[in-house]
Amino acid sequence: MKVLITGASGQLGNELQRTAPAYADATPLTRQQLDITAKDALQRAISAYNPDVVINTAAYVKVDAAEDEPDAAFRINATAVRDLAEICGRSGIKLVHVSTDYIFDGTKSPLPYLEADRPNPLCTYGMSKLAGELYAANLCPSHYIVRTSGLYASRGSSRKGGNFVLSIINKAKNREPIRVVDDIITSPTFAHDCAGAIWKILGSEMPFGIYHAANSGHCSWHEFAQHIVNAAGLHAEVARIKHTDYPAKARRPLWSVLGATNNLDLRHWKKAVEEYIITEGAGK
Ligand SMILES: NC(=O)c1ccc[n+]([C@@H]2O[C@H](COP(=O)([O-])OP(=O)(O)OC[C@H]3O[C@@H](n4cnc5c(N)ncnc54)[C@H](OP(=O)(O)O)[C@@H]3O)[C@@H](O)[C@H]2O)c1
């Protein structure tokens, strides 16, 4: 199976490469190699590589900045996905498009969001991602929309260097105060596990449609941070704050727990964090 991966230098793009199974002949393309907003380049790349599957992890992910740059967010998260879905649909190529829990508004608390629940994004980033989903679903019959949440990845996976887990560990080691919101609830997800779920969907030829691929269970960002500190064998108290203490530009859902009706069976978020800390050598 020839697989083209866009956004290959990102967290998920990188983990997809690290976890690629034997059945996949994966070609990763970074933004420098393929800017998905350039339709001609997209068409050329797809003609040249002739893939069976495109996995689109490329995205505009700056949630707060998107409020000031809606055009950029929509260009990458929606218009480029429209072009990609149109090309894939026309050529009979399967499209895996990665999306987000931020397409939901949080009002389903305390029940997890399932694949068929009605989206209602609260911010520009969420709206642009939902528009991308709709284009993928409507223009490419062979589509998988894979929603995930709260991604963190191996140290080498982010060109931005670092993620929430490593930043909490660094603060604990440096004895800096750690304050984290306890009123936003999510399902933190190890990008390695999300990548594994995508390979499982493709490898088992699961039915086309929407999939939720988040680690199971849920927690507040505060509980997530405290578990990171404990799992790393460090001693630090994480102080609780409210999301209103640090107003952000973008409105986020206060509850965005992704449940799943599929059988992807991602492990519990606590187990994933523990393994992450061991494999990264990030503990005490
Ligand atoms: N991070 C999260 O917590 C989270 C949560 C839920 C869903 N998601 C979704 O998961 C997917 C992967 O996220 P991630 O955490 O891996 O993000 P990431 O680490 O920021 O990676 C995104 C990648 O997309 C690339 N990119 C941006 N614009 C592009 C363009 N025009 N053409 C080609 N590549 C472009 C970026 O390249 P540059 O670095 O060079 O700009 C980067 O390598 C995204 O669809 C995101 O919406 C993420």
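This report walks through some helix packing, buried and exposed residues, aromatic pairs and backbone oddities in a predicted model.

## Helices H3 and H4

Let's start with a pair of helices. H3 spans residues 70-91, and H4 covers residues 124-139. Two packed helices are described by the angle between their axes and the distance between the axes. Here the angle is about 10° and the axes sit 8 Å apart. Angles under 35 degrees count as roughly parallel, so that is the label H3 and H4 get.

Who does the touching? On the H3 side, the residues are Pro70, Ala73, Phe74, Asn77, Ala78, Val81, Arg82, Ala85, Glu86 and Gly89. They meet Thr124, Tyr125, Met127, Ser128, Lys129, Ala131, Gly132, Tyr135, Ala136 and Leu139 from H4. Sorted by character, the residues of this contact come out as 12 nonpolar, five polar and three charged.

## Two buried residues, Ala78 and Glu133

Ala78 is part of H3 and takes part in the contact with H4. The cut-off for buried is under 20% relative accessible area, and Ala78 has 2%, so it counts as buried. Setting aside neighbours within four places in sequence, Ala78 is in contact with Ala73, Ser128, Ala131, Gly132 and Tyr135. Ala73 belongs to H3, while Ser128, Ala131, Gly132 and Tyr135 belong to H4. There's also a C-alpha to C-alpha distance of 7.9 Å between Ala78 and Leu130, which are 52 residues apart in sequence.

Over in H4 you'll find Glu133. Is this glutamate buried or exposed? Its relative accessibility is 4%, so Glu133 counts as buried. Once the neighbours within four places in sequence are left out, Glu133 is in contact with His97, Ser99, Ile103, Ile145 and Arg147. His97 and Ser99 fall in strand E4 (94-100).

## H2 and its two faces

Helix H2 (residues 39-49) has a buried set made up of Ala41, Leu42, Ala45 and Ile46. These four span an arc of only 130° around the axis, so they end up on the same side of H2. Flip to the face turned away from that buried side and you get the exposed residues Asp40, Arg44, Ser47 and Ala48.

What covers the buried residues of H2? The cover includes three strands, E1 (2-6), E2 (25-29) and E3 (53-56), along with helix H3. So H3 turns up in this account twice: it helps cover H2, and it packs with H4.

## Aromatic pairs

There are 13 aromatic pairs in the structure. One of them is Phe104 with Tyr113, a stacked pair at 4.1 Å centre to centre and with 10° between the planes. Both Phe104 and Tyr113 are buried.

Then there's a cluster joined by ring pairs: Tyr152, Phe164, Phe190, Trp221, Phe224, Trp269 and Tyr276. Phe164 is in helix H5 (164-173), and Trp269 and Tyr276 are in helix H8 (269-280).

## A loop residue with distant partners

Arg252 sits in the loop between strand E12 (238-241) and helix H8. With a relative accessible area of 24%, Arg252 is partly exposed. Beyond the neighbours within four places in sequence, Arg252 is in contact with Val63, Asp64, Tyr102 and Leu122. Take Val63: 189 residues separate it from Arg252 along the chain, yet their C-alpha atoms are 8.9 Å apart.

## Backbone oddities

Most residues other than glycine have a negative phi, and most peptide bonds are trans. A few spots in this model go the other way. The peptide bond from Ser109 to Pro110 is cis, with omega near 10°. Pro110 is located in the loop between strand E4 and H4.

Which side of zero does phi fall on at Asn50, positive or negative? Phi there is positive, near 50°, in a residue that isn't glycine. Asn50 follows H2 and lies in the loop between H2 and E3. At 52% relative accessibility, Asn50 counts as exposed. Arg175 is another non-glycine residue with a positive phi, near 55°. You'll find Arg175 in the loop between helix H5 and strand E7 (178-181), and its relative accessibility of 73% makes it count as exposed.

Terms used. Residues numbered from 1 in each chain as written. Predicted model: local features only at pLDDT ≥ 70, side-chain atom pairs only at ≥ 80, totals over all residues. Heavy atoms only, no water. Phe/Tyr/Trp six-rings, centres within 6.5 Å; stacked < 30°, edge-to-face > 60°. Buried < 20%, exposed > 50% of the residue type's maximum accessible area, 1.4 Å probe, protein only. Contact = heavy atoms within 4.5 Å. Axes fitted to C-alpha atoms, helices over the stretch in contact; angles between N-to-C directions. Parallel < 35°, antiparallel > 145°, perpendicular 65-115°, else oblique. Nonpolar A, V, L, I, M, F, W, Y, C, P; charged D, E, K, R; others polar. Arc of directions from axis to C-beta.
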